[in-house]
Amino acid sequence: NRWAVVLGNGINSANQRPVLIVQYLDGTRGLKLVPATNEPAGTGYAVDNGLASPRLVDLNGDSRPDVVYAGDNLGNMWKFDLTSADDSQWKVAFGGATAAKPLFTARGPASLSSTTRPKVQPITAAPTVRANDRMMNVGTAAKPILRAVGGTMVAFGTGRNLALNDAESMDVQTLYSVLD
């Protein structure tokens, strides 16, 4: 029940980690940091990284964000769980405190003709999020039963134009829509 600004710590963060920042705007104006990883700088998800602009989502209609989606410089789309009223319980939604995992990692081909996907595809803009209204057939052809798939669609594009050589990059970039 507090007003706050929610943002990512920015691409190429000094600490090299993707971190969700919650700056309270009332009372003591406290600062809450929710790191996506606690790995040492220069390892794993903490290599020349940082969190881009987030998208806050209210899943239950109570006018408070329940989850936050944000991408990072290493192509990871993170989902943060803010469902607890206690901000010390806020965390990455997948993998637990010691081994947090992203919702999705974007990797692309080295060229349009390549069949492998070894290249990191940075995510530098907030995703678009909406409820998934798709239906699927769980019955048989003789007796079809349509059911709602449910979940949330998280759509985003990859690429960046932040460093001098980014504009000259010929890396393949992609648009994704991921079902959460």
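Which residues is asparagine 132 in contact with, leaving aside its neighbours within four places in sequence? They are Val149, Gly150, Gly151, Thr152, Met153 and Leu179, where contact means heavy atoms within 4.5 Å. This is a predicted model, in which local features need pLDDT of at least 70 and side-chain atom pairs count only at pLDDT 80 or more, while totals for chains, interfaces and linings use all residues. Residues are numbered from 1 along each chain as its sequence is written, and side-chain values use heavy atoms, with hydrogens and water left out.

**Asparagine 132**

- Asparagine 132 counts as buried because its relative accessibility is 8%; buried means under 20% relative accessible area with a 1.4 Å probe, protein chains only.
- The loop that holds asparagine 132 runs between strand E11 (128–131) and strand E12 (135–137); strands (E, at least two residues) are DSSP runs, numbered from the N terminus.
- The side chain of asparagine 132 reaches the backbone oxygen of glycine 150 at 2.9 Å.
- A polar atom of the asparagine 132 side chain lies 3.2 Å from the backbone nitrogen of arginine 134.

**Nonpolar cores**

- The largest nonpolar core (buried Ala, Val, Leu, Ile, Met, Phe, Trp, Tyr and Cys residues joined through side-chain atoms within 4.5 Å) has 15 residues, and those with the most contacts inside it are Leu20, Leu51, Trp78, Phe80, Trp90 and Val92.
- At least two residues of this core come from each of strands E2 (19–24), E5 (67–71) and E6 (76–81), and E2 gives the largest share, three residues.
- A second, separate core has 11 residues, including Ala106, Phe156, Tyr176 and Val178.

Note on methods
Buried < 20%, exposed > 50% of the residue type's maximum accessible area, 1.4 Å probe, protein only. Helix = DSSP H or I, 4+ residues; strand = E, 2+ residues; numbered from the N terminus. Polar contact = N/O pair within 3.5 Å; in protein donor to acceptor, adjacent residues only side chain to side chain.
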